[in-house]
Amino acid sequence: MKIERIDLWLVRLPLVRFFETSFARSYDRTFVLVRVTDSGAEGWAECVAEENPFYSAETTETAWHVITRFIAPRVLGRPFASAGEVLGTLDAIRGHPMAKAAIEMAAWDLDARQRGQPLWRVLGGTGQPVVSGVSIGIQDSVDELLDRVERELADGYRRIKIKIKPGWDVDVVERVRARLGPIPLMVDANGAYRLEDAAHLSALDDHGLMMIEQPLDYDDIADHARLQARLRTPVCLDESIHSARDARVAIEAGACRIVNIKPGRVGGHAESIRVHDVCAERNVPVWHGGMLESGIGRAHNLHLSTLANFRLPGDIAASRRYYDPDLIDPPIEVRPDGSIPVPAGPGIGVTIVPDRIQRATLRTETLAS
Ligand code: OSB
Ligand code: MG
């Protein structure tokens, strides 16, 4: 495989409904779309960096800059035996995992298509349908949230995650339990708490949550270990894990009992597999997170989610929760049993609609060897 050309699109899609976390409310999603080409064969991926540096330090603009100035010159025209070699050629570039992952994941799609294989097969997955949960943002009222939780369960989703922040946490969980009983439920704080909040957070222990995701700061592991020692609820790390080494260090420190994998956050599929394996060796379950991806990123996530240690429902979900229309047709759909079939066919296996990309495009750039 050789990447002869890279095309970038900066696109903006309206969200079907706003999405609110502890750090921001968004009404649309702006992201960088990537296509890599080798003698007519294509590979596609999207960069999960957001327009603002609130989830992580990267933004759409830093990703564009790093891809065009530093990543493209290192990968264009270079022969790769497989896409698994791409990330290693970028070692001189510190950080910027989302920018690296965008190119690396597009290379995996290209590699799989050239081999005539579905992506899950080259990643080492099973290709079995993926059990899906949903992530429900902070709402204007608890009643609104309860209605949404009910609707998602009726659609078949097998686990509910609600976003929390100070002032929207223990009471909200209590009301969800009071109305809906022992549903598979978890919470995600996106780093909104401090270790001093441990006593308050321990009230969550009475509610049988599957986990609390990223309660403390985005770059913290040590205080998560102190917090986990004080909670019965398993801590899951998202923002804090950027590599297999981070996962190993966090597990050894007792900072988490579950790990969220997002390939964009760790530099792509190859590093995701290493995170997956580090966790599997230590009997720590992983699950697949989401970054409000279009169908292109969502398809990548589905294929990766079929590796054996993805033992808990992921934040994958159907296209129509996010974009209508999606950039792919047919869209990703969830079955009544809450599972999502993995697209068949070579690579990510979805059909991209060029017109829809065109309509969403703010800027493009082409890089060639
Ligand atoms: O923390 O998992 C997160 C969305 C954007 C940024 C961070 C997160 C999220 C989600 C949504 O929780 C997951 C999804 O449905 O794509
Ligand atoms: Mg999260």
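**A walk through a two-domain chain**

Asparagine 283 is found in the loop between α10 (269–281) and β11 (286–288). This residue is a convenient place to begin reading the structure, which is a predicted model. The backbone angle phi of asparagine 283 is near 55°, a positive value in a residue other than glycine. To see what is notable here, one should recall that most residues other than glycine have a negative phi. Asparagine 283 also counts as exposed, because its relative accessibility is 57% and the cut-off for exposed is over 50%.

A second residue with a positive phi is alanine 317, where the angle is near 65°; this residue, too, is not a glycine. Alanine 317 belongs to the loop between α11 and β12. Is alanine 317 buried or exposed? It is buried, with a relative accessible area of 0%, whereas asparagine 283 is exposed.

The loop that holds alanine 317 deserves further attention. It runs between α11 (295–304) and β12 (339–340), and proline 325 lies in it. The peptide bond leading from aspartate 324 to this proline 325 is cis, with omega near 5°. Proline 330 has its place in the loop between α11 and β12 as well. Aspartate 329 and proline 330 are likewise joined by a cis peptide bond, for which omega is about 0°. As background, most peptide bonds are trans.

Helix α11 stands at one end of this loop. How many residues of α11 are buried? The count is 10 of the 10, so the helix is largely enclosed by the rest of the structure. Among these buried residues are Gly295, Arg298, His300 and Leu304.

The discussion now turns to the metal site. Which residues coordinate the magnesium ion (ligand 2)? The ion is held by Asp188 (OD), Glu213 (OE) and Asp238 (OD), at 2.1 to 2.3 Å. Along the chain, these donors follow the spacing D-x24-E-x24-D. Glutamate 213 lies in strand β8 (residues 212–213), while aspartate 238 lies in the loop between β9 (235–237) and α8 (244–253); the pair therefore ties together parts that are 25 residues apart in sequence. Both glutamate 213 and aspartate 238 are buried.

Finally, the chain may be viewed as a whole. Its domain assignment gives domain 1, formed by residues 5–116 + 354–368, and domain 2, formed by residues 122–340. The C-alpha centres of domain 1 and domain 2 lie 23 Å apart. Where the domains meet, 35 residues of domain 1 are in contact with 47 residues of domain 2. Together they bury about 3,500 Å² between them, and 66% of this area is on carbon and sulfur atoms.

Charged and polar groups also take part in the interface. Across it, 4 salt bridges are found between domain 1 and domain 2, together with 15 residue pairs in polar contact. On the side of domain 1 that touches domain 2, at least two residues each are supplied by β1 (5–20), β2 (25–38), β3 (41–47), α2 (97–115) and α12 (354–360). The largest share of that side, 10 residues, comes from α2.

One salt bridge leads back to a residue already met. Aspartate 329, which is joined to proline 330 by a cis peptide bond, forms a salt bridge with arginine 356; their closest N and O atoms are 3.9 Å apart.

Definitions and conventions: Residues numbered from 1 in each chain as written. Chains lettered and ligands numbered in written order. Predicted model: local features only at pLDDT ≥ 70, side-chain atom pairs only at ≥ 80, totals over all residues. Heavy atoms only, no water. Donors = N, O, S within 2.8 Å, 3.2 Å for Na, K, Ca; no water. Helix = DSSP H or I, 4+ residues; strand = E, 2+ residues; numbered from the N terminus. Buried < 20%, exposed > 50% of the residue type's maximum accessible area, 1.4 Å probe, protein only. Domains from an automatic or database assignment. Contact = heavy atoms within 4.5 Å. Buried area = accessible area lost by both parts, 1.4 Å probe. Salt bridge = Lys/Arg side-chain N within 4 Å of Asp/Glu carboxyl O. Polar contact = N/O pair within 3.5 Å; in protein donor to acceptor, adjacent residues only side chain to side chain.
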